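Please look at the sequence and the three-dimensional structure shown below. The paragraphs after them offer a guided reading.

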Protein chains: 2
Amino acid sequence: MITLNSTHDANLTSWVTSANGHSDFPIQNLPFASFRIHSNEAFRGGVAIGDSIVDLAALASTSLLSGLAQQAAEAAAKPQLNEFMQMGQPAWSALRAALSQLLSSDNSERLPAHCLQLQSQAHYQMPCHVGDYTDFYTSIHHATAVGSLFRPDNPLLPNYKWVPIGYHGRASSLDVSGQAFHRPSGQTKAPDASTPSFGPCKRLDYELEMGIFIGQGNEFGHPIDIDDSHQHVFGMCLFNDWSARDIQAWEYQPLGPFLSKSFASTISPWIVTMEALAPYRSQYLRPESDPTPLPYLCSDNNDEFGSMDIELECFIQTETMRAAGEAPQRLSRSNFRHSYWTIAQMVAHHSVNGCNLRAGDLLGSGTQSGPEAEEAGSLLELSKGGKQAITLANGEQRSFLADGDTITFRGHCERQGFVRIGFGQVESTVLPAKS
Amino acid sequence: MITLNSTHDANLTSWVTSANGHSDFPIQNLPFASFRIHSNEAFRGGVAIGDSIVDLAALASTSLLSGLAQQAAEAAAKPQLNEFMQMGQPAWSALRAALSQLLSSDNSERLPAHCLQLQSQAHYQMPCHVGDYTDFYTSIHHATAVGSLFRPDNPLLPNYKWVPIGYHGRASSLDVSGQAFHRPSGQTKAPDASTPSFGPCKRLDYELEMGIFIGQGNEFGHPIDIDDSHQHVFGMCLFNDWSARDIQAWEYQPLGPFLSKSFASTISPWIVTMEALAPYRSQYLRPESDPTPLPYLCSDNNDEFGSMDIELECFIQTETMRAAGEAPQRLSRSNFRHSYWTIAQMVAHHSVNGCNLRAGDLLGSGTQSGPEAEEAGSLLELSKGGKQAITLANGEQRSFLADGDTITFRGHCERQGFVRIGFGQVESTVLPAKS
């Protein structure tokens, strides 16, 4: 159980003044990334504060930290956060508490100048080595909407309310915000064609997801009890799990999506920790007519990660909009609190067969669509399977993505009595297929 | 194109006399593994010869090699072979040629004693870091047999003869021969039950597969042309992709197998290189009525990896047999030459969407069942979906695996004019479910 503590205090402010006000990164947030400023430098861990980054490699070489916080900073100073993630909740909390004190307005001492860098000058890489990436399917609204396109009479499969459905994803093609990728080519078959053909994907789509990073892993053969799951989850990011719908439709039987997903998946660079997210937990109330999950998916602690109140937004900026200097236009809003399965349930389910999760493993939440049609997390849903193109403010129409389209996700949490914290953003542009 | 050369000469013998005769590892084979003798030593690369191992760390510190072969040995001397695999075909060939000369009976000099260790004293680990593991489904006989259990009238799905079907697997739970795992628990639903239940898997099965290791990777966004695929494939091993059939049946719609596969997957420790396998290429003749694959899956080089003539055997030894001192009993024989899709086609397909393969990535071939019922690569097929238990020589019956059962795969290649080479074996025992 992660308890609220002085680091969550809404009255805290920082001497990094850009953190006080409308920043995604107030002192109550303190998310982690792997960054560098110059291309000839090593990547190292950093913590966002306002418009700046605390350089953990620089900080760890001062004498400002001690004990577990210092050990944690040394681990987090490495190019990838895996070792820090493996240290577990006490180490994460110790470093957070120490950073909160160091950055607080109440602290008369400032950090040495070389310990702070500007985000505007930073380059990011994957925050950790992802040993395995697993994608879940936790939005019942998404599952129902997509299912109804294929099976109008029976949109939700019988296992959905029992099994936190998931599948193995591709780790090699994960990258951080700014990832450029060419429209994938592959096999597709038109419904009226007798044979498939090869060519660029015609139904390219985004998927509005959250990413969940495993902290401490479990040993092979030792499932994680749902009540211990908080010790094994480090934090969350925004996640765009790009999808080629036409390739998927032809390839996915009987073993699931493959090339329709593996061409690219993009995350936001900052990992917001579960401790920072603790104030925004919320309760998901299943309809009473829904089955009670099997015991291994029920928590004595009232499922502490419960659902999480994370407001999500998806924006598009087409090439035409960019040329005309028009700002990105919002396509939809949704919220992670609609997730039918909680993070604790995903972790317990994933490991119940003895499968070992490792520090840095990434879980995708699946597309987070809300209960209303306009809260859909993909174009497939917004355009009703491509049948009703949506019209943008400048008159352009989209059923699926066009070359040059930039898709941006943003996310934030707010709750009465606490400050607003944000996730930054994940942004990527579709390049034309390679000829 | 890998050409035959002096290392394949059937007349070659070694001064390591155990290599001459009935060994899996004659001088024409020279497969790679990661091994150590004592638990306080570092793992390092080794090459099998007869009953011995050439210790590449020891060899690299002598002055017996030079040039590219020495560089290759230094890379292969590390605890994991990834760096060596990334060096590419010229480096692999240079080291093979140099080892062939050093170990040849014609060579008057013996290796220093500390460069040779006994396999009987060795412990193995995964030969490389597997960044991603992908499982294919290349046996049309397996796909048809399994499909007919679910869809008797339409066993083979319409995409099978067009798409080399594959899905992402779990890398964390891969291990080498000897891997011990407990029978997995999970959700299953009996056909006549209205709700699922939780408990140990009742339909535990093996899958007789080959593993294929990627050598040099491709860059993100740059597909591998089928005619270049030989530059990207390092070698092959035996592979048991354990499966929980009852868990799979309930979970796999719509996103494919997940917990039914991720609890364990076991490989043989030795990777036989594609160069060693070159003499055993064979041609797969599709029925003329089958469609010609799309152009990206057709090779100008007559698909050089073509099919590969690898004889495969699966053995069972039950706890009762072990107690009675009875040898393992063969359950089935099959051959990798029946694979409907070649390795070159798997590699070209996997990367055609821009997905990057990395050195050390593992591809599973999918269960290799032959055209005859007794050539099935799984108990699911041998027992007709569990409906007809098979009777062992001692009277025991098996529809699926029982606790204490040991499953062993062996594999070898032979062809007129060449010596027989083998893969060693992969062996693992089912432990009872954890209570």
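The text that follows goes from a strand to a helix, then to a pair of helices, and ends with the two chains.

The structure is a predicted model. A suitable place to begin is strand E13 of chain A, which spans residues 208-214. Is this strand enclosed by the rest of the structure, or open? A residue counts as buried when its relative accessible area is under 20%. By this criterion 7 of the 7 residues of E13(A) are buried, and the strand is therefore largely enclosed by the rest of the structure.

The two faces of the strand may be examined in turn. In a regular strand the side chains alternate between the two faces of the sheet. On one side of E13(A) lie Leu208(A), Met210(A), Ile212(A) and Ile214(A), and on the other Glu209(A), Gly211(A) and Phe213(A); all of these are buried, and both faces are covered.

Which strands pair with E13(A)? One partner is strand E14 of chain A, residues 233-240, which pairs with E13(A) in the antiparallel sense over 7 bridges. Within this pairing, Gly211(A) has Cys237(A) as its bridge partner. Another partner is strand E22 of chain A, residues 362-364, also antiparallel to E13(A), with 3 bridges. Here Phe213(A) is matched with Leu362(A).

These strands also meet a helix. Helix H9 of chain A, residues 343-351, is mostly covered, with 9 of its 9 residues buried. Among them are Ile343(A), Met346(A), His349(A) and His350(A). The buried residues of H9(A) pack against E13, E14 and E22 of chain A, and also against strand E6 (133-136) and helix H7 (274-277) of that chain.

Another part of chain A carries an annotation. An unreviewed UniProt entry lists residues 28-127 of chain A as "domain: Fumarylacetoacetase N-terminal". Over these residues the chain is 36% helix and 21% strand, and the end C-alpha atoms are 20 Å apart.

Consider next helix H2 (residues 67-76) and helix H4 (residues 89-103) of chain A, whose axes come within 8 Å and cross at roughly 100°. Angles of 65 to 115 degrees count as roughly perpendicular, and H2(A) and H4(A) are therefore roughly perpendicular to each other. Their contact involves residues including Leu68(A) and Ala72(A) of H2(A), and Pro90(A) and Leu95(A) of H4(A).

Finally, how are the two chains related? A turn of 180° with a shift of 0.0 Å along the axis lays chain B on chain A with an RMSD of 0.0 Å. The two copies are thus related as by a two-fold rotation axis. In chain B, the C-alpha nearest this axis belongs to Gly256(B), at 2.1 Å. The same surface serves both copies, since 100% of the contact residues of chain B recur in chain A.

Note on methods:
Residues numbered from 1 in each chain as written. Chains lettered and ligands numbered in written order. Predicted model: local features only at pLDDT ≥ 70, side-chain atom pairs only at ≥ 80, totals over all residues. Heavy atoms only, no water. Buried < 20%, exposed > 50% of the residue type's maximum accessible area, 1.4 Å probe, protein only. Helix = DSSP H or I, 4+ residues; strand = E, 2+ residues; numbered from the N terminus. Pairing = 2+ DSSP bridges. Least-squares fit on C-alpha atoms with pLDDT ≥ 70 in both. Contact = heavy atoms within 4.5 Å. UniProt positions renumbered as here; feature names shortened; annotations may be inferred. Axes fitted to C-alpha atoms, helices over the stretch in contact; angles between N-to-C directions. Parallel < 35°, antiparallel > 145°, perpendicular 65-115°, else oblique.
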